[in-house]
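Thanks for coming. I have one structure to go through today, and I will take it region by region. Please have it open while I talk.

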Amino acid sequence: MVSVDSEPIARVLPMLSVPHLDREFDYLVTPEQSEHALPGVRVRVRFHGRLVDAFVWERRADTDHAGRLGRLERVVSSEPVLTPEVRRLVEAVAARYAGSRADVLRLAVPPRHARVEREAATPLETPMPEPVDPAGWQRYRAGGTFLAALGEGRAARAVWQVLPGDSWTDRFAEAAATAIRAGRTALAIVPDQRDVDALLRAATARIDESAVVALSAGLGPATRYRRWLSALRGSARLVIGTRSAVFAPLADLGLVMVWDDGDDSLAEPRAPYPHAREVAMLRAHLSGCAALIGGYARTAEAQALVDTGWAHDLVAPRAVLRAAAPRVVALDDTGYAEQRDPAARTARLPSVALQSARSALAAGAPVLVQVPRRGYVPSLACGRCRAIARCRHCTGPLSLPERDGAALCRWCGRVDPALRCARCGSDTVRAVVIGARRTAEELGRAFAGTPVVTSAGDTIVDRIEDGPALVIATPGAEPRAPRGYGAALLLDSWALLGRQDLRAAEDTLRRWMAAAALVRERDAGGVVTVVAESSIPTVQALIRWDPVGHAQAELATRAEVGLPPAVHIAALDGDPESVTALLEQVRLPDGADLLGPVPLPPGVRRPAGVPDELDVIRMLVRAGRDHGLALAVALRRGIGVLSARGSHHPVRVQIDPLHIG
């Protein structure tokens with residue numbers, strides 16, 4: 001028990017979003033509060049005349065404050081929800097992303113649920129997992145060594161290239177079980193609920209169900225808080241969750257795992273916009289625990305961890321890979337682009353691709369068809385001049401939700417029954433992208449009598465029955481087949497590769513490989529057909545099944561042109577006057593340079609607090625790889641200065657955003 005006589009001061013951090021108030025304040029602790037006002041608990045304090053939530057940061061015997069101290073208003077709960085390890089992580093994330101600790105705490109600690117918190121914590125003696133068979137990991141070079149290191153409690157760190165057909169959920173579960181057998185806890189971060197459910201099934205087959213909890217945004221407040229408390233109180237040994245679960249308060253963390261780190265879902269859309277991969281690796285560094293990043297493809301950021309020596313490579317020998325991978329063929333789509341109009345039927349598929357689908361169906365195997373978008377015709381263009389068809393009210397892109405239906409704006413939802421091109425006046429339109437539903441309709445005609453399954457958007461199918469079927473799915477929504485698909489057709493590659501985006505090639509290969517990994521191996525007749533020019537480097541990487549080489553090339557290209565992760569870039573979004581004022585307050589690291597200003601990129605939302613009548617610009621600040629933290633600290637300090645003055649509108653700062661524009 002802390003004595004109010006020896007440590008009568010509580011240093012607290014108020015939960016305020018005002019940047020210049022991101023600091024601790026001292027309050028007196030009454031004798032009645034002293035037993036419960038411990039570091040990490042929630043309290044209420046009076047700040048500038050109003051009651052605000054706060055966390056006790058530490059107890060002290062003295063204060064730096066020269067004036068009279070106020071008293072803690074009350075201790076909300078005696079539960080120390082902010083552990084020392086998570087507190088260090090919160091501080092590190094705020095520094096890394098030029099944000100406030102209050103904003104990071106809102107991501108790290110869920111809202112309190114009083115009834116759940118009052119429930120008695122019943123300590124459970126969970127059975128120890130059975131010893132793990134290392135055979136699955138031994139297919140990879142150094143895989144057995146990595147598993148052995150986890151069993152010895154060592155801080156082994158690896159980037160794992162998953163073989164096609166291998167069960168990543170089983171391998172993750174085995175790694176977690178090994179860490180738990182060593183007396184440690186484990187944390188697994190995945191992109192979405194579907195991945196959470198899949199990994200939970202695999203984990204509870206090896207680890208007692210009472211020791212495994214799943215955290216995701218879809219849970220109700222009570223359930224989420226109850227599961228989060230089970231991690232805090234020590235009954236949970238493995239936490240599986242989406243991006244915010246990376247802050248789960250596990251004690252004695254031995255292993256943190258991230259699956260498919262290239263998925264956009266792992267990037268937090270709220271300030272300070274951290275990426276779960278970066279937070280997980282930061283946590284592994286601060287905790288001195290093991291780390292694992294796994295995926296069928298590989299990001300440039302993961303490759304940078306290998307190149308710098310922070311992580312080791314876990315890849316299978318080429319002979320093992322060739323035996324596990326399907327045959328991949330590329331069919332030149334030259335000429336097909338001009339046929340993609342509303343009247344097109346199976347013209348999107350060359351006859352050779354149709355034949356591979358027929359062969360797989362005849363052999364009793366399902367066929368996977370991956371299309372970039374859901375819907376019927378998600379994007380339209382002028383049939384004469386090829387200009388994108390846009391809404392006359394808000395200039396948003398027009399789509400065709402139903403066959404023979406009217407065009408609908410994807411932004412404002414208005415219907416445009418009489419299309420006419422604003423550029424050339426033509427009233428003919430063509431499809432820019434054909435969606436999953438339209439593709440299902442086309443292929444249903446081409447393969448009459450074959451069951452057609454569509455998995456996209458809100459209607460995702462998790463698994464299909466064995467037998468012949470056509471499965472049309474968008475990336476990430478592909479159902480699993482019991483014995484794998486006999487063939488996969490990857491359509492409209494130009495819609496993915498042609499995006500004006502830093503990560504277009506990397507993201508395309510990631511989507512393709514995730515689909516191709518569901519196809520049977522070459523010896524079992526598995527064939528993947530990608531309708532694209534075979535000379536494209538991304539297509540070549542798929543044909544050779546070489547995501548590591550592709551990531552190395554991506555990293556080298558980005559280093560050459562000065563883009564992340566070879567450098568650090570801060571994107572400053574705001575009105576011109578406020579952005580200029582911020583830069584005047586910032587002392588940039590040596591070698592840093594400014595890029596811009598440019599208009600806010602299309603599709604990027606306006607920063608909060610900037611009046612609609614003001615223009616919004618984006619300024620980029622680029623610094624060397626070794627100066628990223630210095631850049632973030634300088635910007636954080638400048639934001640605080642402007643906030644204290646109150647003379648400018650807020651400027652949104654994002655460090656290494658996924659999409660620069």
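Let me start with one residue, leucine 635. Leaving aside residues up to four places away in sequence, leucine 635 touches Ala98, Ala570, Leu572, Leu582, Val586, Val653 and Ile655. Keep in mind throughout that this is a predicted model. Leu635 belongs to the largest nonpolar core, which has 74 residues. Within that core, the residues that touch the most other members are Leu105, Phe247, Leu572 and Leu635. There is also a second, separate core, with 68 residues, and among them are Ala179, Val196, Ala473 and Ala517.

Now the sheet that goes with some of those contacts. Four strands form an open sheet in the order β25-β26-β24-β27, and the pairing is antiparallel. Which strands stand at the edges? They are β25, residues 593-599, and β27, residues 652-655. Each has a single partner strand, so one side of each is left without a neighbour in the sheet. Ignoring direction, neighbouring strands here are turned by 20 degrees against each other on average.

Look at the pairing of β27 with β24, which covers residues 567-574: the two are antiparallel and share four bridges. One of the pairs to find there is alanine 570 with its bridge partner, isoleucine 655 in β27. Both of these residues were in the list of contacts for leucine 635.

Helix α18, residues 576-585, has Ser578, Val579, Ala581, Leu582 and Leu583 buried. What covers them includes β24, β25, β26, α19 and β27.

Next, the loop between β26, residues 617-624, and α19, residues 628-645, where arginine 625 is placed. Is arginine 625 buried, partly exposed or exposed? Its relative accessibility is 42%, and because buried means under 20% and exposed over 50%, arginine 625 counts as partly exposed. Its contacts, again without residues up to four places away in sequence, are Pro565, Ala566, Val567 and His568. The side chain of arginine 625 reaches the backbone oxygen of proline 565 at 2.7 Å. As for alanine 566, arginine 625 is 59 residues from it in sequence, yet their C-alpha atoms are 6.1 Å apart.

A second loop gives a similar kind of example. Valine 18 lies between β1, residues 9-14, and β2, residues 25-28. With 33% relative accessibility, valine 18 counts as partly exposed. Valine 18 and alanine 102 are separated by 84 residues in sequence and by 9.1 Å in space, C-alpha to C-alpha.

On to another sheet. This one is open and has seven strands, in the order β8-β9-β7-β10-β11-β6-β12, with parallel pairing. The edges are β8, residues 212-215, and β12, residues 312-314, each pairing on one side only. From one strand to the next, the twist averages 15 degrees. At the β8 end, β8 and β9, residues 238-241, are parallel and share four bridges. Valine 212 stands opposite leucine 238 in β9. Helix α7, residues 193-204, packs on this sheet, where it touches β7, β8, β9 and β10, and its direction makes about 155 degrees with that of β9.

Strand β21, residues 470-473, is worth a separate stop. How are its two faces covered? Leu470 and Ile472 on one side are buried, and so are Val471 and Ala473 on the other. β21 runs parallel to β14, residues 367-370, through four bridges, and leucine 368 has valine 471 as its bridge partner. β20, residues 452-455, is also joined to β21 by four bridges in parallel. There, threonine 454 is matched with isoleucine 472.

Two helices to finish. In α15, residues 504-516, we find arginine 510. Arginine 510 is buried, with a relative accessible area of 15%. Its side chain makes a polar contact of 2.9 Å with the side chain of aspartate 507. Outside the four places either way in sequence, arginine 510 touches Asp260, Gly262, Asp263 and Ala297.

Last is α16, residues 537-544, in which Thr538, Val539, Ala541 and Leu542 are buried. Seen down the axis of α16, the buried residues fall within an arc of 155 degrees, so they line one face of the helix. Tryptophan 545 follows α16, and its phi is positive, near 50 degrees.

Note on methods. Residues are numbered from 1 along each chain as its sequence is written. This is a predicted model: local features need pLDDT of at least 70, side-chain atom pairs count only at pLDDT 80 or more; totals for chains, interfaces and linings use all residues. Side-chain values use heavy atoms; hydrogens and water are left out. Buried means under 20% relative accessible area, exposed over 50%, partly exposed in between (1.4 Å probe, protein chains only). The arc is that of the directions from the helix axis to the C-beta atoms. A polar contact is a pair of N or O atoms within 3.5 Å; within protein, one must be able to donate a hydrogen and the other to accept it, and residues adjacent in sequence count only if both atoms are side-chain atoms. Contact means heavy atoms within 4.5 Å. A nonpolar core is a set of buried Ala, Val, Leu, Ile, Met, Phe, Trp, Tyr and Cys residues joined through side-chain atoms within 4.5 Å. Two strands pair if DSSP finds at least two bridges between them. Axes are lines fitted to C-alpha atoms, for helices over the stretch in contact, and angles run from 0 to 180 degrees between N-to-C directions.
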